[in-house]
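User: I'd like to go through this model with you, one question at a time. Could you start with the ground rules and then take my questions?

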Amino acid sequence: MPDDLVQVALRALHSCQDSRMVGNTRYACACGAVFFVSDCGDVIEEGRCHSCGAAIGGLDYVARGNEKLDDQPSEGDISGLHEQGYVVHAPNRIKSEAARRMTPATYRALHFLVHSCMLAPWVLASSHPPAEPSMSEILEHLRADWACMQFALGCAPAGFFMDLASRILSPAVTAVSYTFRLQHGVLASLHDRASWEEYCSNVI
């Protein structure tokens, strides 16, 4: 299974470019949809968002609410999209944000639960907080996830997160998760990660 659909798209773009091209740069429309700019990565030309139809690119791309996601053009891979462990990243409130084959709702729900667990070192006096992310960064991630889930659900997501946590921590789910850990150990491969994410998506 592909480690990330964005990675697959970038590799495909890079494979069909000639030697004069130096890579592709990601930008995001105000609606959150991602688009690519080839070669130098500067958005000179204007276009239309494939998702919302709004004008994108051009010299006034910032005024249009577009955001440049990469500092430098990538040549087929973006570091961080398939790394193991926690990859430090900036909080955002892009409502269509997702990863791999997870839906935006699944991505935000798991993202919220993971960062909720990461607050433990600050809550438990005996634990040692990590150098990064900081507590303020974690809280900003949680606020962003909360806002996106509230938009997706049309109401405060407190009940949703409580129900999701109870389902994941139920005896049946805990037994499955325990068996998975015994058989596979840490999620050390792309296949293991994909299987776990698919399982969580079904629960959600």
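Analyst: Two strands pair if DSSP finds at least two bridges between them. Helices (H or I, at least four residues) and strands (E, at least two) are DSSP runs, numbered from the N terminus. This is a predicted model, so local features need pLDDT of at least 70 and side-chain atom pairs count only at pLDDT 80 or more, while totals for chains, interfaces and linings use all residues. Residues are numbered from 1 along each chain as its sequence is written, and side-chain values use heavy atoms, with hydrogens and water left out.

User: Thanks. In what pattern do the helices and strands follow each other along the sequence?

Analyst: There are seven helices and five strands in the protein. Reading along the sequence, you get α-β-β-β-β-β-α-α-α-α-α-α.

User: In what order do the three strands of the open sheet sit?

Analyst: The pairing in this open sheet is antiparallel. Strand 2 and strand 5 (67-68) each have a single partner strand, so one side of each is left without a neighbour in the sheet. That puts strand 2 and strand 5 at the edges, and the order is 2-1-5.

User: How many bridges join strand 1 to strand 2?

Analyst: Strand 1 covers residues 24-28 and runs antiparallel to strand 2. Ala28 has Val34 as its bridge partner in strand 2, and Arg26 stands opposite Phe36. The bridges joining the two strands number five.

User: Which glycine in that hairpin takes a positive phi?

Analyst: The hairpin of strand 1 and strand 2 has five residues between the strands. One of the hairpin's residues has a positive phi near 105°, and that's Gly32.

User: Which side chains of strand 2 point to the buried face?

Analyst: In a regular strand the side chains alternate between the two faces of the sheet. Strand 2 (residues 34-38) does this, with Val34, Phe36 and Ser38 pointing to the face where they are not buried. Buried here means under 20% relative accessible area, exposed over 50% and partly exposed in between (1.4 Å probe, protein chains only). The buried ones, on the other face, are Phe35 and Val37.

User: How far apart, centre to centre, are the rings of Tyr27 and Phe35?

Analyst: Rings of Phe, Tyr and Trp (its six-membered ring) pair if their centres lie within 6.5 Å; planes under 30 degrees apart count as stacked, over 60 as edge-to-face and the rest as tilted. A search of the whole structure turns up six aromatic pairs. Tyr27 and Phe35 make a stacked one, with 15° between the planes and a centre-to-centre distance of 5.6 Å.

User: Are Tyr27 and Phe35 buried or exposed?

Analyst: Phe35 has a relative accessible area of 12%, and for Tyr27 the value is 1%. Tyr27 is therefore buried, and Phe35 is likewise buried.

User: What is the angle between the planes of Trp146 and Phe161?

Analyst: Trp146 and Phe161 sit 6.0 Å apart, centre to centre. Their pair is tilted, and the angle between the planes is 35°.

User: Which helices does that pair link?

Analyst: Trp146 and Phe161 are 15 residues apart, in distant parts of the chain. Trp146 is partly exposed at 31% relative accessibility, whereas Phe161 is buried at 5%. Trp146 belongs to helix 4 (residues 135-153) and Phe161 to helix 5 (residues 158-168), so the pair links helix 4 and helix 5.

User: Which residues form one aromatic cluster with Trp146?

Analyst: Trp146 shares one aromatic cluster with three phenylalanines: Phe112, Phe160 and Phe161.

User: How wide an arc do the buried residues of helix 4 cover?

Analyst: An α-helix has 3.6 residues a turn, so residues three or four places apart point the same way. In helix 4 the buried residues are Ile138, His141, Leu142, Ala144, Asp145, Cys148 and Met149. They all lie on the same side of helix 4, because their arc around the axis (taken from the directions from the helix axis to the C-beta atoms) is only 165°.

User: How many disulfides does a search of the whole structure find?

Analyst: A disulfide is counted when a pair of cysteine sulfur atoms lies within 2.5 Å. Cys117 is exposed at 58% relative accessibility, and Cys155 is partly exposed at 42%. The number of disulfides found is zero.
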